[in-house]
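Got your viewer open? Let's take a short walk, one selection at a time.

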Amino acid sequence: MNRRFFFVFICCYLFAVSFKAVAQEKDTLFLRNGQIMIGKLNSISLGIIQFDDMDLAVQNVKYHKIKTIKAGMATYRIQTIDQAVYYGVLKPSKNYGEVIVDDGVVTKPYPIVNIFNLVSLEKKFIKKIKGTIAYGYSYTKSSDIGRTNIDWNLNFTEQKYQVEFVGSFIYTNNQSVKTRDRESVGLGGYYNLNTVLVAGLGLNYQRNIELGLASRIQQVVGFGRRFLFRPNLQGTLISGFVINQERSLEGNSSGSLYEIPLQFKLDYFHYAAPNLSFTVFPKAFFGLKQDGRKRFDGETRVNWEVIRNLDLGLQFYASYDNQALAGSTTNFDYGIVFNVGYKFK
């Protein structure tokens with residue numbers, strides 16, 4: 001009896017050690033040219049596989065360069081273009097350009113280009129923060145005018161939800177007179193109801209002296225639907241309800257104002273030299289009991305990753321208010337911003 005118990009104990013111990021070794025095995029990228037990268041898979045998004053190589057640090061690898069992937073160091077949220085969501089790992093496939101998605105219940109092969117989005121569900125808080133911080137400055141000697149812009153877009157991802165913290169500031173220094181021209185800060189949370197529907201809450205702050213706006217505080221609740229499930233294209237349509245508190249440059253306060261928003265976000269990438277990504281984000285607001293007030297805020301961003309972790313960016317923005325506030329001289333504002341950014345990975 002003791003001998004049998006000892007034999008069972010040894011078998012269980014060897015199984016546990018083997019299981020632990022397998023669980024700690026590094027992720028692997030198998031490239032089409034025969035090379036192999038060993039390390040940790042971080043994410044897949046917009047045609048780019050972000051991989052932390054043991055020898056080369058974090059690398060961004062394009063879809064078409066990959067033969068297959070083995071990734072089991074973490075649990076991943078895997079979203080495919082057929083609108084399915086899995087919480088599992090990736091196993092290598094014998095077919096070129098294919099992986100096997102395994103969530104412990106379902107095992108299914110997918111072309112790598114059909115992996116719409118993959119996020120590593122990290123355990124450490126700091127590793128869950130991704131995004132870009134950018135800075136730009138322009139100056140003309142003839143007018144003694146300097147313009148500074150600061151921009152950031154950070155996100156924190158968990159299994160069912162995502163938190164975004166975004167901001168943009170533009171300052172002008174005109175012959176030692178400093179003005180805060182345009183400011184925008186937003187904190188939003190998004191919860192995945194299913195593979196295509198998302199619910200969200202947001203708190204925003206805005207300032208635009210061109211439109212006579214000293215400050216606007218927004219509270220937002222909304223629902224969105226994802227569509228355009230393509231390997232290089234992602235779209236989301238959003239609507240809901242907004243409460244605003246506005247203050248004009250002349251110091252007048254509005255009280256609570258109510259609006260219906262209609263927003264559309266489109267992300268597109270083109271990484272085949274040069275490494276470019278595009279974001280188009282128009283937002284329309286329709287006032288309730290405000291005598292037909294209509295507003296528009298929109299921006300288009302173009303980013304070029306020159307070298308690893310370094311982006312050059314162009315931002316085109318436009319704002320319109322058919323009932324601009326007291327102190328403004330126009331109801332339309334637009335601009336172009338250039339910046340250099342650092343990307344967190």
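Start by selecting Gln79, then light up what it touches: apart from neighbours within four places in sequence, Gln79 is in contact (heavy atoms within 4.5 Å) with Ala84, Val85, Asn114, Ile115, Phe116, Asn117, Thr195, Arg226 and Phe229. A quick word on what you're looking at: this is a predicted model, where local features need pLDDT of at least 70, side-chain atom pairs count only at pLDDT 80 or more, and totals for chains, interfaces and linings use all residues. Residues are numbered from 1 along each chain as its sequence is written, and side-chain values use heavy atoms, leaving out hydrogens and water.

Is Gln79 buried or exposed? Gln79 is buried, at 2% relative accessible area (buried means under 20%, exposed over 50%, partly exposed in between, with a 1.4 Å probe and protein chains only). Now add Asn114: its C-alpha atom is 8.8 Å from that of Gln79, though the two are 35 residues apart along the chain.

Next, hop to Asp151 and Arg301, whose side chains meet in a salt bridge of 2.5 Å, N to O (a side-chain nitrogen of Lys or Arg within 4 Å of a carboxyl oxygen of Asp or Glu). Asp151 is buried at 6% relative accessibility. Keep Arg301 selected and add Glu299: these two also form a salt bridge, with the closest N and O atoms 2.8 Å apart. Glu299 is partly exposed, at 22%.

Last stop: Asp321 and Arg293, another salt bridge, at 2.5 Å between the closest N and O atoms. Both ends are buried, Asp321 at 3% and Arg293 at 4%. Add Arg216 and Glu246, and you'll have a network of salt bridges linking them with Arg293 and Asp321.
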